[in-house]
Amino acid sequence: MPQLVLASSSKYRRNLLNRLEIPFACASPDIDETALPGETPEDLVKRLSRSKALALAERFPEALIIGSDQVAVLEGEI
């Protein structure tokens with residue numbers, strides 16, 4: 001079974017994954033999380049989630065990597 005890696009330093013996400021009671025590692029991806037001009041909130045979280053996972057892919061080539069992100073949105077604005 002491949003190693004499971006959470007691409008996040010978030011304590012909240014770590015606690016969520018701990019509920020599954022399965023072994024996993026955490027690693028913090030070093031990416032720029034700035035929204036691109038005109039980027040929708042949905043596109044931003046998709047891009048960041050993918051970027052976080054890809055940032056760790058070389059370091060953990062055989063692992064299953066979970067990349068995730070969230071943003072708060074009010075009336076369409078991040």
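**Salt bridges and nonpolar core**

In this predicted model, the side chains of Lys52 and Glu33 form a salt bridge, with a nitrogen-to-oxygen separation of 3.7 Å. Lys52 belongs to helix α2, whereas Glu33 is placed in the loop between β2 and α2, so the pairing ties together parts of the chain that are 19 residues apart in sequence. The two partners also differ in their burial class, since Lys52 is buried, at a relative accessible area of 6%, while Glu33 is partly exposed, at 42%.

Lys52 takes part in a further salt bridge, in which its side chain meets that of Asp69 at 2.5 Å, again taken from N to O. Asp69 lies in the segment that follows β3 (64–66) and Lys52 in helix α2, so this pair links parts that are 17 residues apart in sequence. Asp69 is buried, having a relative accessible area of 16%, and Lys52, as noted, is buried at 6%. Through the partners that these salt bridges share, Glu33, Lys52 and Asp69 are joined into one network.

The count of salt bridges comes to three by the rule applied here, and one of them pairs the side chains of Glu39 and Arg47, with an N to O distance of 2.7 Å. Within this pair, Glu39 counts as buried at 17% relative accessibility, because the cut-off for burial is set at under 20% relative accessible area. Arg47, with a relative accessible area of 24%, is partly exposed. In general terms, side chains of opposite charge can pair when their charged atoms come close.

Attention then turns to the nonpolar residues. The largest nonpolar core has nine residues, namely Val5, Ala7, Ala25, Ala27, Ala53, Leu56, Phe60, Ala63 and Ile65. At least two residues of this core are supplied by each of three elements, which are the strands β1 (4–7) and β2 (25–27) and the helix α2 (41–57). Helix α2 is also the element in which Lys52 lies. For one core member, Ile65, the contacts can be given individually: when its neighbours within four places in sequence are left aside, Ile65 is in contact with Val5, Ala7, Ala53, Leu56, Ala57 and Phe60. Among these contacts of Ile65, Val5, Ala7, Ala53, Leu56 and Phe60 are themselves listed as members of the core. In soluble globular proteins, nonpolar side chains tend to be buried together.

Terms used. Residues are numbered from 1 along each chain as its sequence is written. This is a predicted model: local features need pLDDT of at least 70, side-chain atom pairs count only at pLDDT 80 or more; totals for chains, interfaces and linings use all residues. Side-chain values use heavy atoms; hydrogens and water are left out. A nonpolar core is a set of buried Ala, Val, Leu, Ile, Met, Phe, Trp, Tyr and Cys residues joined through side-chain atoms within 4.5 Å. Buried means under 20% relative accessible area, exposed over 50%, partly exposed in between (1.4 Å probe, protein chains only). Helices (H or I, at least four residues) and strands (E, at least two) are DSSP runs, numbered from the N terminus. Contact means heavy atoms within 4.5 Å. A salt bridge is a side-chain nitrogen of Lys or Arg within 4 Å of a carboxyl oxygen of Asp or Glu.
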